[in-house]
Structures are given as C-alpha cells and as structure tokens.
Amino acid sequence: MRFGGGIGLGFTNGGFNGTISPSAIYDVNNYFSAGVGLSVNYAKYDANKFLAYGGSIVTFYNPIPLLQLSAEIEQLRVNESNTIFENDYWSPALFLGAGYRSNNVTFGIRYDLLYDKNKSIYADAWMPFVRVYF
C-alpha cells in the first residue's frame with residue numbers, strides 16, 4: 001500500500017482557493033496499481049462561495065518503468081452560493097492520462113472525457129498533473 005495525494009492553495013485580491021486530496025494505492029504487480037482518493041476544494045471570492053467534495057477510483061498501468069498510463073473516475077458534490085443564488089449538483093469526471101515516471105513521482109497530462117464547460121469544476125478538459133506516492 002502506498003499513500004500520496006495533493007494539496008493546493010491560491011490567493012487573489014479578495015479571494016482564496018484551497019484543495020486537499022489524499023489517496024492510497026495498492027500495487028497489484030510491477031505493472032498495475034489501483035486505489036481510491038478523496039477530494040475537498042473550497043473557494044471564496046467576495047460573496048461567492050464554492051465547495052466541492054467527493055471521491056475517486058484510480059488505476060495505473062506501467063508498461064515500462066518510465067511510462068505511466070492512468071484512468072480515474074471521480075464524483076464530486078458541488079455547492080455554489082452567493083447573495084443571489086445557491087446551486088447544488090454532482091460533477092462526474094473520467095480522466096485518461098499519461099505521464100513520465102521516476103521513482104515515486106510522475107509528471108504528465110490527463111484528459112476528462114466527461115468534461116462539461118457549464119458544470120465541471122475544472123477550467124479545461126486537459127490538465128497537467130504531478131503525482132507523488134510513498
């Protein structure tokens with residue numbers, strides 16, 4: 001069992017964004033790993049508030065030691081609010097990715113096959129990533 005995840009902080013004039021996403025994976029063999037993750041994202045800008053939380057299932061396939069292919073299904077509950085409206089909905093994502101792997105760190109890019117510009121919490125379907133597992 002290996003553990004990892006991500007953390008992020010962002011500050012702007014009048015705004016804040018924070019993310020934490022721990023995960024755990026199990027190495028089935030030298031080529032295949034699978035695991036689960038949790039995610040919480042909070043943002044506030046003036047009167048606008050945003051909270052997304054949920055989980056994911058991730059799989060990694062390493063055909064050669066330097067290449068990691070990944071598939072991840074993510075389901076997030078999104079709560080948006082400001083002084084005028086409140087909106088709650090589910091935001092699914094299905095990521096396929098590829099990255100360069102060196103020991104415990106992988107750098108790469110992933111694509112969300114379910115991306116919806118009106119509902120996704122992400123700015124674009126393409127996203128770079130850095131994964132670290134210990």
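## A sheet of eight strands

Start in the middle of the sheet: the bridge partner of isoleucine 73 is leucine 94, which lies in β6. Strands here are DSSP runs of E with at least two residues, helices are runs of H or I with at least four residues, and both are numbered from the N terminus. Two strands pair if DSSP finds at least two bridges between them.

A word on the model. It is predicted, so local features need a pLDDT of at least 70 and side-chain atom pairs count only at pLDDT 80 or more, while totals for chains, interfaces and linings use all residues. Residues are numbered from 1 along each chain as its sequence is written, and side-chain values use heavy atoms, with hydrogens and water left out.

**The whole chain**

The chain has eight strands and zero helices. Read from the N terminus, its elements go β-β-β-β-β-β-β-β. The C-alpha trace spans about 50 × 25 × 25 Å along its principal axes. Of the 134 residues, 31% count as buried, meaning under 20% relative accessible area; over 50% is exposed, and partly exposed lies in between (1.4 Å probe, protein chains only). Take the contacts (heavy atoms within 4.5 Å) with a separation of 6 or more: residues 24 or more positions apart account for 39% of them.

**How the strands line up**

Eight strands form an open sheet in the order β1-β2-β3-β4-β5-β6-β7-β8, with antiparallel pairing. β1 (2-12) and β8 (126-132) stand at the edges with a single partner strand each, so one side of each has no neighbour in the sheet. On average, neighbouring strands are turned by 20° against each other, direction ignored. (Axes are lines fitted to C-alpha atoms, for helices over the stretch in contact, and angles run from 0 to 180 degrees between N-to-C directions.) In general, strands of a sheet pair through backbone hydrogen bonds, either parallel or antiparallel.

Here are some of the pairs:

| Strand pair | Sense | Bridges |
|---|---|---|
| β1 and β2 (residues 15-27) | antiparallel | eleven bridges |
| β4 and β5 | antiparallel | 14 bridges |
| β5 and β6 (residues 86-102) | antiparallel | 15 bridges |
| β7 (residues 105-112) and β8 | antiparallel | seven bridges |

Single residues show the pairing too. Threonine 12 has glycine 15 of β2 as its bridge partner. Glycine 54 stands opposite leucine 76 in β5, and tyrosine 111 is matched with tryptophan 126 in β8. As for the turns, a hairpin of two residues leads from β4 to β5, and one of four residues leads from β5 to β6.

The side chains along β8 alternate. Met127, Phe129 and Arg131 point to one face and are buried, while Trp126, Pro128, Val130 and Val132 point to the other and are not.

**Two residues up close**

Glutamate 72 lies in strand β5 (residues 67-81). Is this residue buried or exposed? Glutamate 72 is buried, because its relative accessible area is 12%. Its side chain makes a polar contact with the side chain of arginine 110 at 2.9 Å. (A polar contact is a pair of N or O atoms within 3.5 Å; within protein, one must be able to donate a hydrogen and the other to accept it, and residues adjacent in sequence count only if both atoms are side-chain atoms.) Leaving aside neighbours within four places in sequence, glutamate 72 is in contact with Ser56, Ile57, Val58, Ala93, Leu94, Phe95 and Arg110.

Isoleucine 20 sits in strand β2. Its relative accessible area is 47%, so isoleucine 20 is partly exposed. Not counting residues up to four places away in sequence, isoleucine 20 touches Gly6, Ile7, Leu38, Ser39 and Val40. Glutamine 75 is 55 residues from isoleucine 20 along the chain, and their C-alpha atoms are separated by 15 Å.

**Empty space**

Pockets and cavities are sought on a 1 Å grid over the protein atoms alone: a cavity is a set of points where a 1.4 Å probe fits but cannot get out, and a pocket is an open set with protein on both sides within 12 Å along at least five of seven lines; lining residues have an atom within 4 Å of a point. Grid points are joined across faces, edges and corners, and a volume is the space filled by probe spheres set on the points.

The largest pocket holds about 740 Å³ of space. Of its 32 lining residues, Gly6, Ser21, Glu74, Arg110 and Tyr122 are the closest to its centre. β1, β2, β3 (32-45), β4 (48-64), β5 and β8 each supply at least two residues of the lining of this pocket.

How many cavities of 30 Å³ or more does a search of the whole structure find? The search finds one. The largest cavity has a volume of about 60 Å³, and the residues that line it include Arg2, Ile25, Phe60, Gln68 and Tyr133.
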